[in-house]
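Visitor: Could you take me through this model and show me the reasoning behind the words you use for it?
Guide: Gladly, let us look together.

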Amino acid sequence: MVTNQKSVVTGAFGYSGKYIARRLLDSGAEVRTITNAPESQNPFGSRVKSLPFSFDDHVRLVAAMRGATVLYNTYWVRFNHANFKQVDAVQNTLALFRAAREAGVRRVVHFSITNPSEESPLEYFRSKAILEKALIGSGMSYAILRPTVLFGPEDVLVNNIAWLLRKFPFFGVFGDGSYQLQPMFVDDMAKLAVAQGEENGSHIIDAIGPETFTYRELVTQIGRIIGVSKPIVSVPPAIGHLIGWAAGKIVNDIIITREEIKGLMAGLLCTNSKPTGETSLTEWVTANRDMLGARYASELSRRKGRMTGPLGSLS
Ligand SMILES: NC(=O)c1ccc[n+]([C@@H]2O[C@H](COP(=O)([O-])OP(=O)(O)OC[C@H]3O[C@@H](n4cnc5c(N)ncnc54)[C@H](OP(=O)(O)O)[C@@H]3O)[C@@H](O)[C@H]2O)c1
């Protein structure tokens with residue numbers, strides 16, 4: 001695919017944003033990013049111009065997107081923390097949509113989550129539903145992509161399952177571990193996003209991989225492939241959270257939150273849709289078995305070194 005698209009990608013030096021930017025550049029698109037990441041984390045050099053998030057400065061936010069045709073929005077915060085909150089991320093995203101519209105952006109490719117619902121008791125899923133509704137009502141054309149768990153070289157969840165399996169004498173699954181998930185390869189996600197950027201119609205698409213695992217099967221498969229055999233035991237979710245919290249203290253991170261456990265156990269990371277990704281997690285883990293889980297992947301460390309922004313900096 002060759003394009004003369006002028007794109008803005010939020011977080012192009014981050015996880016999924018980097019894969020989107022790479023694919024866009026390869027297709028000839030002009031790429032700008034809005035990010036809090038410092039220039040030292042820019043793997044694209046002068047090919048990607050970076051501007052800071054300025055959610056509280058509408059004029060500046062509009063200017064950052066002026067002339068762009070497509071906005072790829074990955075921006076979100078995974079959980080609430082002293083330095084960042086999902087309630088702020090909702091307001092920031094609404095500000096981003098307003099600015100995109102004023103800047104004349106034609107289309108927004110927006111990252112949501114599987115099974116969002118305004119009625120959900122879980123803030124993540126509820127907030128994502130509110131943002132989907134706002135985008136649908138914005139007047140811009142849109143592709144709302146709803147990913148389940150993403151995996152890839154910079155991944156947190158799959159890597160850290162492998163890390164926990166390597167490090168600890170047993171692995172605790174929350175409850176019976178029978179709830180399902182359909183992991184999506186991060187570059188398949190980027191491929192879908194970039195293809196959607198070229199479309200005109202408005203779509204909502206579940207972004208799910210070709211394999212469906214129960215959580216217990218996922219842990220078992222990862223352990224088998226990396227050659228680590230540990231007992232996988234059922235633990236009550238509250239105890240599982242406590243163990244995760246304590247392990248998080250050791251690595252100075254938040255490994256998993258109560259809300260994430262609830263979302264997982266409610267089966268919210270699984271859909272009835274046809275797979276939109278091609279890469280099999282099993283094959284990918286096999287190809288990466290030596291490096292997977294060799295080191296802990298820290299969510300909070302990723303935020304270190306970010307420029308001070310409206311949500312503050314951890315550095
Ligand atoms: N990763 C998954 O497994 C997964 C699963 C389901 C849905 N999703 C959705 O997919 C999208 C992209 O996820 P991703 O994992 O690729 O995200 P990411 O790269 O970690 O972050 C995406 C953007 O959000 C910003 N951001 C993240 N955490 C932040 C914080 N605490 N404070 C301020 N800004 C923050 C990043 O900031 P910088 O500009 O500073 O990098 C970046 O611009 C999100 O909307 C997420 O809800 C992801």
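Guide: What follows is a short set of questions and answers about this predicted model.

Visitor: What makes the protein as compact as a globular protein of its length?
Guide: The protein has 11 helices and 13 strands. Its radius of gyration is 19 Å, and the globule rule gives 20 Å for 315 residues; the two values are close, so the protein counts as being as compact as a globular protein of that length. Along the principal axes, the C-alpha atoms fill a box of roughly 55 × 40 × 40 Å.

Visitor: How many of the residues are buried?
Guide: Buried residues account for 46% of the 315 in the protein.

Visitor: And what share of the contacts join residues at least 24 apart?
Guide: Taking contacts between residues at least 6 apart in sequence, 76% join residues at least 24 apart.

Visitor: Why is Asn36 called buried?
Guide: Asn36 has 22 other C-beta atoms within 10 Å. The cut-off for buried is 20 or more, so Asn36 qualifies. Asn36 sits in the loop between β2 (30-35) and β3 (48-52).

Visitor: Which residue is 17 residues from Asn36 along the chain, with its C-alpha atom 6.1 Å away?
Guide: That is Phe53.

Visitor: How do you know that β4 pairs with strands β1 and β5?
Guide: Two strands pair if there are at least two bridges between them. Strand β1 (residues 6-10) and β4 have 3 bridges, so they pair, and the sense is parallel. Between β4 and strand β5 (residues 107-111) there are 4 bridges, so these pair as well, again in the parallel sense. Tyr72 of β4 can guide your eye: Val9 stands opposite Tyr72, and Tyr72 stands opposite Val109 in β5.

Visitor: Which way do the residues of β4 point, and are they buried or exposed?
Guide: In strand β4 (residues 70-73), Val70 and Tyr72 point one way, Leu71 and Asn73 point the other way, and all are buried.

Visitor: What makes the β-α-β unit here right-handed?
Guide: The unit consists of β4, helix α3 (residues 86-103) and β5. Right-handed means that, with the strands pointing away from you, the path from the first strand over the helix to the second runs clockwise. This unit is right-handed, so you can expect the clockwise path from β4 over α3 to β5 in that view.

Visitor: Finally, which residues come nearest to the ligand?
Guide: Of the 23 residues around the ligand, Gly11, Gly14, Tyr15, Ser16 and Thr35 come nearest. By class, this shell has 13 nonpolar, 8 polar and 2 charged residues.

How values were computed: Residues are numbered from 1 along each chain as its sequence is written. This is a predicted model: local features need pLDDT of at least 70, side-chain atom pairs count only at pLDDT 80 or more; totals for chains, interfaces and linings use all residues. A residue is near a molecule or strand if its C-beta atom, placed from the backbone, lies within 6 Å of it. Ala, Val, Leu, Ile, Met, Phe, Trp, Tyr, Cys and Pro count as nonpolar, Asp, Glu, Lys and Arg as charged, and the others, Gly among them, as polar. A residue is buried if 20 or more other C-beta atoms lie within 10 Å of its own, exposed if 12 or fewer, and partly exposed in between; C-beta atoms are placed from the backbone. Helices (H or I, at least four residues) and strands (E, at least two) are DSSP runs, numbered from the N terminus. The radius of gyration is taken over C-alpha atoms; the globule rule is 2.2 Å times the number of residues to the power 0.38. Two residues are in contact if their C-beta atoms, placed from the backbone, lie within 7 Å.
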